[in-house]
Amino acid sequence: MRIVPLSAAVEHRETLIDWLWQAFGSDNSRDFFASVIDSSLSGADLPLTFVALDGERAVGTVGLWRCDLISRQDLFPWLAALYVAEGYRGHGLSAQLQQTVIDCARQRGDRQLYLYSACADYYERFGWAYIGDALDYPATAVRLYHKALE
Ligand SMILES: CC(C)(COP(=O)(O)OP(=O)(O)OC[C@H]1O[C@@H](n2cnc3c(N)ncnc32)[C@H](O)[C@@H]1OP(=O)(O)O)[C@@H](O)C(=O)NCCC(=O)NCCS
């Protein structure tokens, strides 16, 4: 298993778009997730997309984004779009993907990371601190998490 920037494995672009669309999107939002993925291939410093590979097969993804929650643009940067392929769940790959983003953010000099989730009692087990609730547009309550990188 290895985790690489999507720019080094662009042949998996369509797979990642479909995963994010299915996991986090709605009927007509595939183009939205295509734009998210493509913006991470533009060569800008952020956003970044990583892909986990088992041989040549894509089995997971995660992103390091400027902002994942429009209502909290004071927070920066964000771990976002974490997804593990169904047959690969339950073996700790999520933790490896999170660590890839943590290491990347540290190397960039970021001193904090944020994420948001609808799930309770998941990110706590990886050392994320719940710091309160927020609103995903327009009115969905979500949980905010913080990790200090110092
Ligand atoms: C959530 C996800 C990234 C976990 O990946 P993973 O590599 O299987 O994670 P791990 O092996 O580290 O952990 C698996 C554990 O997470 C738990 N888990 C999975 N989805 C969960 C959820 N939505 N809420 C709470 N716990 C969850 C599993 O029950 C399992 O618990 P156990 O270790 O006590 O058996 C993966 O299931 C996924 O991509 N799901 C689809 C996207 C999604 O639901 N994202 C929202 C996450 S809150």
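A polar contact here is a pair of N or O atoms within 3.5 Å. Keep that cut-off in mind as you click around, and remember that you are looking at a predicted model.

**Stop 1: the ligand**

Select the ligand and show the residues around it. There are 15 of them, and Val-84, Gly-90, Gly-92, Ser-94 and Cys-119 come nearest.

Now bring up the backbone of Gly-92. One of its backbone N or O atoms sits 2.8 Å from a ligand oxygen. Move along to Ser-94, where a backbone N or O atom is 3.0 Å from an oxygen of the ligand. For a side-chain partner, pick Tyr-122: an N or O atom in its side chain is 3.2 Å from a ligand oxygen. If you draw a surface, here is the matching number: the ligand taken alone exposes 840 Å², and the protein buries 62% of that.

Which elements give two or more residues to this shell? Colour strand 4 (78–84) and helix 3 (93–108), and you have them. Strand 4 gives the most, with 3 residues. Colouring the shell by class gives 8 nonpolar, 5 polar and 2 charged residues.

**Stop 2: the largest pocket**

Next, switch on pocket display. The largest pocket has a volume of about 1,200 Å³, and 40 residues line it. To centre your view, select Phe-24, Asp-68, Ala-81, Leu-82 and Tyr-116, the lining residues nearest the middle of the pocket.

Several elements supply at least two residues each to this lining: helix 1 (13–24), helix 2 (30–39), strand 4, helix 3, strand 5 (112–117), strand 6 (129–136) and strand 7 (140–148). Strand 4 turns up again with the largest share, 6 residues. By class, the lining splits into 27 nonpolar, 10 polar and 3 charged residues.

**Stop 3: Ala-81 and the cavity**

Stay on Ala-81, which belongs to strand 4. Check its backbone torsions: phi is positive, about 55°, although Ala-81 is not a glycine. Is Ala-81 buried or exposed? Buried, because its relative accessible area is 15% and the cut-off for buried is under 20%.

Ala-81 also helps line the largest cavity, together with Leu-20, Val-36, Ile-37, Thr-49, Thr-61, Val-62, Gly-63 and Trp-65. Select that set to see where the cavity is. The structure holds 1 cavity of 30 Å³ or more, and the volume of the largest cavity is about 40 Å³. Helix 2 and strand 3 (57–65) each supply at least two of the lining residues, with strand 3 giving the most, 4 residues. The lining has 6 nonpolar, 3 polar and no charged residues.

**Stop 4: a positive phi in a loop**

For the other side of the burial scale, jump to Asp-121. You'll find it in the loop between strand 5 and strand 6. Its phi is near 65°, a positive value in a residue other than glycine. Asp-121 counts as exposed because its relative accessible area is 60%, and exposed means over 50%.

**Stop 5: two cis peptide bonds**

Where should you look for cis peptide bonds? Start with Phe-76 and Pro-77, joined by a cis bond with omega of about -15°. Pro-77 lies in the loop between strand 3 and strand 4. Then go to Tyr-137 and Pro-138, where the peptide bond is also cis and omega is about -5°. Pro-138 sits in the loop between strand 6 and strand 7.

**Stop 6: side-chain contacts**

Carry on into strand 7 and select Arg-143. Show its side chain along with those of Glu-124 and Tyr-145. The polar contact between Arg-143 and Glu-124 is 3.0 Å, and the one between Arg-143 and Tyr-145 is 2.9 Å.

Last pick: His-12, in the loop between strand 1 (2–5) and helix 1. What does the side chain of His-12 reach at 3.2 Å? Display the backbone of Glu-56 and you'll see: the partner is the backbone oxygen of that residue. His-12 is buried, since its relative accessible area is 9%, under the 20% cut-off.

Key: Residues are numbered from 1 along each chain as its sequence is written. This is a predicted model: local features need pLDDT of at least 70, side-chain atom pairs count only at pLDDT 80 or more; totals for chains, interfaces and linings use all residues. Side-chain values use heavy atoms; hydrogens and water are left out. A residue is near a molecule or strand if one of its heavy atoms lies within 4 Å of it. A polar contact is a pair of N or O atoms within 3.5 Å; within protein, one must be able to donate a hydrogen and the other to accept it, and residues adjacent in sequence count only if both atoms are side-chain atoms. Accessible areas come from the Shrake-Rupley method with a 1.4 Å probe; for residues, only the protein chains shown count as cover. Ala, Val, Leu, Ile, Met, Phe, Trp, Tyr, Cys and Pro count as nonpolar, Asp, Glu, Lys and Arg as charged, and the others, Gly among them, as polar. On a 1 Å grid over the protein atoms alone, a cavity is a set of points where a 1.4 Å probe fits but cannot get out, and a pocket is an open set with protein on both sides within 12 Å along at least five of seven lines; lining residues have an atom within 4 Å of a point. Grid points are joined across faces, edges and corners, and a volume is the space filled by probe spheres set on the points. Buried means under 20% relative accessible area, exposed over 50%, partly exposed in between (1.4 Å probe, protein chains only).
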